[in-house]
Amino acid sequence: MEIKDYLRAIRRWLWMPIVLPLVAGAGTGVLLLKQPLQYQADATVVVPAVSARGFSTSAAAQYVATFKDVLVSAPLVSEVSKATGVPTKDLVSGLTASTVTASSNIIHVTYIGYQKSNVTKVADMATRDTLDIVAQPQLQQAQAAVASSSAQLKAADDAISAFTNSSGQVQPDVAFRTKQAELLSLQLQLQQTQIAGDVPRATLLQSVITQRIAELSQLASQLTQYTSLTQARQQAVTVASHDQQLLGDAQALLSADHLPSTVFLTDVGKLSRSGNILKFSAIAAAVALILALALILLMELMRYRRPAVAGPAAANGGQPLPPKPAETVAAPLTATDAVPSSNGAHVHADDPDGERDLVTSAGPKARR
């Protein structure tokens, strides 16, 4: 089948590539017009967890990716659905989040729904709940750190209390300094007594000095142990203070998520359907045109492949006649082969049944 044959077939079936695309496009447009109206609301939020501490670009991108995943997660969608009455499937298909750049900390949340009265509420609630869920790990981590540091601080306090109970020294450092000052004073008195030659007094002072040295030695050992305990407690206090600060930041972050100024809402209103109708109607018409041309091609190919049926074959029920035997093929007519018949025509002598063409007496005119 050549191109000119295909073009002739298109002219023969010209109504098909015209009517089918029109019907498909019109049908698609009618179906889209019957769809319910859609409304849109936008929520813009500056993510505090990214902007407050100057996180790296990769951290910001990871936060945004986590935000997008949480926005359509099953727990959040279920919670928003219970609060607003919107089906979960509409929330999953209608909620989206995007940023201007990959490292931006400004997130735009868009919700497209079928109920004008609650699209703004859904966008606001979904955004705030997502911020809370994303911040929950930070809060839980801070709470765990505070619990751990508090336990360490309590253990340090208990160790100091046990030391005090066992040694009887509430402040061994103060006692050590007091005993050390007394020993220095006794040693000075001993020197003065020895210079004065007061042997009995010098002997008494020497005995007292020996006792003070023994007490200082014991206090030194206690002071070393006490110093180690106080240093451990100071470290625990430092860690507990830092963890408490982290907990305060996490709690402040969660509190900020529910401030009116955190999320900026925009009610876009009803969405226009003309663009989608034109686009999908054009697609349907183009597909219908391609299918119509393919159908024409298929029908023409089937038509050309169908065997041709001649007149005698049609009289035989559509079956081709068998070829005649070779000996029955008549020889070409000559002038002497024609004999006159009763009706004035001439019949060949070897064709008594009249199966060959008759030759009338009119001559060439009758043959024409």
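**Helix packing and a four-stranded sheet**

The axes of helix α8 (residues 172–196) and α9 cross at roughly 160 degrees and come within 9 Å of each other. Angles over 145 degrees count as roughly antiparallel, so α8 is roughly antiparallel to α9. The way α8 passes α9 is a left-handed crossing. Sorted by class, the residues in this contact are 16 nonpolar, six polar and six charged. All of this comes from a predicted model, and so does everything below.

A second helix also packs on α9. Helix α7 (residues 119–167) and helix α9 (residues 199–257) meet at an angle of about 160 degrees, and their axes are 7 Å apart. That angle makes α7 roughly antiparallel to α9. The crossing of α7 and α9 is left-handed. As for what sits in the contact of α7 with α9, the count by class is 23 nonpolar, 11 polar and six charged residues. Those two descriptions follow the usual recipe: packed helices are described by the angle between their axes and the distance between the axes.

Now for α9 itself. How far should its 59 residues span, at 1.5 Å a residue? The expected figure is 87 Å, and the end C-alpha atoms of α9 are 84 Å apart, which agrees. At the N-terminal end of α9, Asp198 acts as a cap. Here, a side-chain oxygen of Asp198 lies 3.5 Å from the backbone nitrogen of Arg201.

The model also has a sheet. Four strands make it up, in the order β2-β3-β1-β4, and the sheet is open, with antiparallel pairing. β2 (95–99) and β4 (263–270) stand at the edges; each has a single partner strand, so one side of each is left without a neighbour in the sheet. From one strand to the next, the twist averages 20 degrees. In general, strands of a sheet pair through backbone hydrogen bonds, either parallel or antiparallel.

Going strand by strand, β2 pairs with strand β3 (residues 106–113) in the antiparallel sense, over five bridges. Within this part of the sheet, Thr96 stands opposite Thr110 in β3, and Ser98 stands opposite His108 in β3. Strand β1 (residues 39–46) is joined to β3 by eight bridges, and these two strands run antiparallel. Which residue of β3 stands opposite Tyr39? Gly113 does.

How values were computed: Residues are numbered from 1 along each chain as its sequence is written. This is a predicted model: local features need pLDDT of at least 70, side-chain atom pairs count only at pLDDT 80 or more; totals for chains, interfaces and linings use all residues. Side-chain values use heavy atoms; hydrogens and water are left out. Axes are lines fitted to C-alpha atoms, for helices over the stretch in contact, and angles run from 0 to 180 degrees between N-to-C directions. Angles under 35 degrees count as roughly parallel, over 145 as roughly antiparallel, 65 to 115 as roughly perpendicular and the rest as oblique. A crossing is left-handed if the near helix is turned anticlockwise from the far one by less than a right angle, and right-handed if clockwise. Ala, Val, Leu, Ile, Met, Phe, Trp, Tyr, Cys and Pro count as nonpolar, Asp, Glu, Lys and Arg as charged, and the others, Gly among them, as polar. The expected span of a helix is 1.5 Å times one less than its number of residues. A polar contact is a pair of N or O atoms within 3.5 Å; within protein, one must be able to donate a hydrogen and the other to accept it, and residues adjacent in sequence count only if both atoms are side-chain atoms. Two strands pair if DSSP finds at least two bridges between them.
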